[in-house]
Amino acid sequence: MTEPAGTEEKTPDKPEPTMLEQMGGISGLIYSSVPVLVFVLVNAFFGLQAGIWSAVGSAVAITILRLVRKEPLQPAISGFFGVAIAAFIAYRTGSAKGFFLFGIWASLVYGAAFVLSIVVRWPLVGVIWNAVNGTGTEWRRDKPSRFGYDLATLALAVVFGARFVVQRWLYDSDHTGWLAFAKIAMGYPLYALAFLVVIWAVRRSDKRIKSLQQARAAEEADTEAALRLKYSQRPGEAT
């Protein structure tokens, strides 16, 4: 049977992926820890070279596994390149702790970028979120919205700063095992706390922008109605 003209089958809107799902879900949290643990354990028992190749091999295996299981590949691919760079640095420095050097300095760079974005009044959380969703820059003209994004950006800057300070100290102290623990413990768990602030800022800003747009639309409608009434009156009817 054909459906009557003008009627279309409506499909339910697909819910937007949560922050956890965008990071690869629970499996993504586990997978991200595997190459680090493999490197530390294999290095302890079989030496640096074996640890390097085992870490890279585990990252490749995880990427293939996610491909076979049709899971999001972006976290796995970015994780693979991160492990590859870390392994290369460890190889070049000839030290197991070199495996963590890239992540340590990356945290400093990211933290500095987030702080700088607040100083120049373009908080990165607001810039990235609104750019991805194509909602423009109206949030910057609303001071409460920009302040919320400042706090969210600052929360992420604090996470990156804490990662750099703690892991740099462990690196200088040659605590490779504790470096692995800190990398895992100060990764997703801290990001999850910071993302609570991000979610608060996004929802607060979206609500305010929507309210402002509705108020503006109502004001424009009232103005248009008043103008139509004024110019629709015949000469001599106006009082």
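## Lys 97 and its salt bridge

Lys 97 is a buried residue in this predicted model, its relative accessible area being 18%, which falls under the 20% cut-off that defines burial here. Its side chain meets that of Asp 174 in a salt bridge, with a distance of 2.5 Å from N to O. Because Lys 97 sits in the loop between H4 and H5 while Asp 174 sits in the loop between H8 and H9, the pair ties together parts of the chain that are 77 residues apart in sequence.

Asp 174 has a further feature in its backbone, since this residue takes a positive phi of about 60 degrees although it is not a glycine. The loop that holds Asp 174 runs between helix H8, residues 143-172, and helix H9, residues 176-185.

## The other salt bridges

The structure holds three salt bridges. Side chains of opposite charge can pair when their charged atoms come close. In one of the bridges, Arg 208 pairs with Asp 142, and the closest N and O atoms are 2.7 Å apart. This pair also links distant parts of the chain, for Arg 208 belongs to helix H10 (residues 188-232) and Asp 142 to the loop between helix H7 (138-141) and H8, 66 residues apart. The two partners differ in their exposure: Arg 208 is partly exposed at 31% relative accessibility, whereas Asp 142 is buried at 8%.

Another bridge joins the side chains of Asp 172 and Arg 168, at 3.5 Å from N to O. Here both partners belong to helix H8 and lie four residues apart, which is about one turn of the helix. An α-helix has 3.6 residues a turn, so residues three or four places apart point the same way. Both side chains have some exposure, with Asp 172 counted as partly exposed at 47% relative accessibility and Arg 168 likewise partly exposed at 24%.

## The overall fold

The secondary structure of the chain consists of 10 helices and zero strands, so that, read from the N terminus, the order of elements is α-α-α-α-α-α-α-α-α-α. Of the 239 residues in the chain, 33% are buried.

The unreviewed UniProt entry lists residues 28-46, 52-68, 75-93, 99-120 and 178-202 under "transmembrane region". In the model, residues 52-68 are 100% helix and 0% strand, with their end C-alpha atoms 25 Å apart. Residues 178-202, for their part, are 92% helix and 0% strand, and the C-alpha atoms at the ends of this span are 35 Å apart.

## Helix H3 and its two sides

Helix H3 comprises 21 residues, from 48 to 68, and reaches 30 Å from its first C-alpha to its last, close to the 30 Å expected at 1.5 Å a residue. The buried residues of H3 are Leu 48, Gly 51, Ile 52, Ala 55, Val 56, Ser 58, Ala 59, Ile 62, Thr 63 and Arg 66. Because they cover an arc of only 150 degrees around the axis, these residues are placed on the same side of H3.

The other side of H3 carries the exposed residues Trp 53, Leu 67 and Val 68. Just after the helix, Lys 70 takes a positive phi of about 55 degrees.

## Helices H4 and H5

Gly 82 is part of helix H4, which covers residues 74-93, and with a relative accessible area of 27% Gly 82 is partly exposed. The C-alpha atom of Gly 82 is separated by 8.3 Å from that of Phe 102, a residue 20 positions away along the chain.

Val 119 belongs to helix H5, residues 101-119, and counts as exposed at 62% relative accessibility. Together with Val 115, Leu 116, Val 120 and Trp 122, Val 119 forms a nonpolar patch on the surface, and the accessible area of these residues together is about 470 Å². Arg 121 lies in the loop between H5 and helix H6 (124-132), and this residue has a positive phi of about 65 degrees although it is not a glycine. At 46% relative accessibility, Arg 121 counts as partly exposed.

Definitions and conventions: Residues numbered from 1 in each chain as written. Predicted model: local features only at pLDDT ≥ 70, side-chain atom pairs only at ≥ 80, totals over all residues. Heavy atoms only, no water. Patch = residues over 30% accessible without salt bridge, like charges linked within 9 Å, V, L, I, M, F, W, Y side chains within 5 Å. Areas by Shrake-Rupley, 256 points an atom, 1.4 Å probe, with all protein chains shown as cover. Salt bridge = Lys/Arg side-chain N within 4 Å of Asp/Glu carboxyl O. Helix = DSSP H or I, 4+ residues; strand = E, 2+ residues; numbered from the N terminus. Buried < 20%, exposed > 50% of the residue type's maximum accessible area, 1.4 Å probe, protein only. Expected span 1.5 Å × (residues − 1). Arc of directions from axis to C-beta. UniProt positions renumbered as here; feature names shortened; annotations may be inferred.
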